[in-house]
Amino acid sequence: MGSACVDALARAKRRVLGIDRFAPRHALGSSHGRTRIIREAYFEHPAYVPIVRRSFDLWRDLERAVGGPLYTKTGGINIGPEDGMLVRGARASAEAFGVPHRVLSAAGVRRHFPGLQPLDDMVGVEEERAGVLFPEECITALHARATRAGAEVRCGEAVVGWTASGDGVRVFTAGAEYRAAQIVLAGGAWMRTLVPELADVLKVVRQPIHWFEPSIHPEYFTPTQCPVSLWEYAADRFFYTLPDFGDGVKAGVHYEGQPVDPDQVDRRTSPDEDAQVTDLLRRFMPHAKGHLRESQVCLYTNTPDLHFIIDVHPAYPAQVAVVSACSGHGFKFATAIGEIVADLLAGAPARYDLSMFRMTRFG
Ligand SMILES: Cc1cc2nc3c(=O)[nH]c(=O)nc-3n(C[C@H](O)[C@H](O)[C@H](O)COP(=O)(O)OP(=O)(O)OC[C@H]3O[C@@H](n4cnc5c(N)ncnc54)[C@H](O)[C@@H]3O)c2cc1C
């Protein structure tokens, strides 16, 4: 989010300094793990659809600007009980915004995508344009374009405090003090310390990700044959998978992670975490469940309603923007969020209804 804001602000001709306590492509926050899903029939809420549509366009622009692939179209499918949150939500968003999609019976899913084996009482909402972003490449590309537009980025420098007044902001790091007209706070899992008002609102949890070698029929799981998939495997409980880009089928449980201090994360997955996802693959994608090749631990920063925070700070609306756009589903939106933040700081009219992303909605 920070990289996308730096890029959008620099291209809006603002003089920008980006500060990160770690260097880009690090695996300590929420943006590592080689792949991220981007999808359009957004089950979480229809309000995300116009924003993700803009993101698709802006990722394409970024690809053209840096000349490297950042996105692969695989198609996507949302699988679960017909009256469950996932299928109902995906259909509602698709119908509200005319997202090309089709609803498949369980047998239809199995016939079209033999790697996916839903239960008979499940259906699939298949959407065309979903696919995969490569987050590390996306971040490198955002930095490259931002610095080309004049931004300066300092890595390995942690912000330890900031103040704001009518004149602007002061930002303190261990060795320096910076003055600026405005600041964007986009610290991911560390937002609770950067914005103390959010300390009791945000919950940071560990979220393991795993890569499995298909046991048989690897051709079922190639990016051209296998869509990204979201599954409601029990009421309001989800897991997701991405096709095999040469490093195995990726799978993870969505939410259900253990609360954690972002500075004290055990980066090894536990036997229980491995067993949970292995069991889900055994049940729903049995051919994908071969050898577990690799696991990593990533962090979600969740709001109570699992929607984002994209807002100006209520005490300093002209100086401070707050972006805590994680809740486990933010990456795909980063380019559009950069643009939204540039508008917010310029006092420009909002392109979307942002009321559901207000920082103060939790009282
Ligand atoms: C396992 C997993 C799977 C996911 N899958 C998807 C998906 O398929 N699709 C999707 O759209 N989203 C997905 N997400 C969510 C998405 O990746 C996150 O919403 C997004 O990456 C969050 O970005 P961020 O900028 O908020 O956090 P980060 O990328 O972690 O960035 C925060 C940055 O702030 C820096 N920072 C923090 N504190 C300070 C400080 N005091 N001073 C200086 N710098 C500081 C950190 O060093 C860090 O670089 C997933 C997340 C995880 C963990």
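## A tour from the ligand to helix H1

Start by selecting the ligand and Ser30: an oxygen atom of the ligand sits 2.8 Å from a polar backbone atom of Ser30. Keep in mind along the way that this is a predicted model.

Next, add Lys332, where a polar side-chain atom lies 2.8 Å from an oxygen atom of the ligand. Then pick Gly328, which has a polar backbone atom 3.4 Å from a nitrogen atom of the ligand. Switch on a surface here if you like: taken alone, the ligand exposes 1,000 Å², and the protein buries 94% of that.

Now show the whole shell. There are 32 residues around the ligand, and those that come nearest are Asp20, His26, Ser31, Ile37 and Cys298. Coloured by class, the shell splits into 17 nonpolar, 10 polar and 5 charged residues.

Which strands should you display with it? Strands E1 (17-20), E2 (36-38), E13 (203-212) and E17 (292-302) each supply at least two residues of the shell. E17 gives the largest share, with 3 residues.

Keep E1 on screen and move to helix H1, residues 2-11. Here 8 of the 10 residues are buried, leaving the helix mostly covered. Select Ser3, Ala4, Cys5, Val6, Asp7, Ala8, Leu9 and Ala10 to see the buried set.

What do these buried residues pack against? Their partners are E1, helix H5 (135-148), strand E8 (152-155), strand E12 (183-185), strand E19 (320-324) and helix H8 (334-346).

For a last stop, click on Lys13, just after H1: this residue takes a positive phi of about 70°.

Key
Residues numbered from 1 in each chain as written. Predicted model: local features only at pLDDT ≥ 70, side-chain atom pairs only at ≥ 80, totals over all residues. Heavy atoms only, no water. Near = heavy atom within 4 Å. Polar contact = N/O pair within 3.5 Å; in protein donor to acceptor, adjacent residues only side chain to side chain. Areas by Shrake-Rupley, 256 points an atom, 1.4 Å probe, with all protein chains shown as cover. Helix = DSSP H or I, 4+ residues; strand = E, 2+ residues; numbered from the N terminus. Nonpolar A, V, L, I, M, F, W, Y, C, P; charged D, E, K, R; others polar. Buried < 20%, exposed > 50% of the residue type's maximum accessible area, 1.4 Å probe, protein only. Contact = heavy atoms within 4.5 Å.
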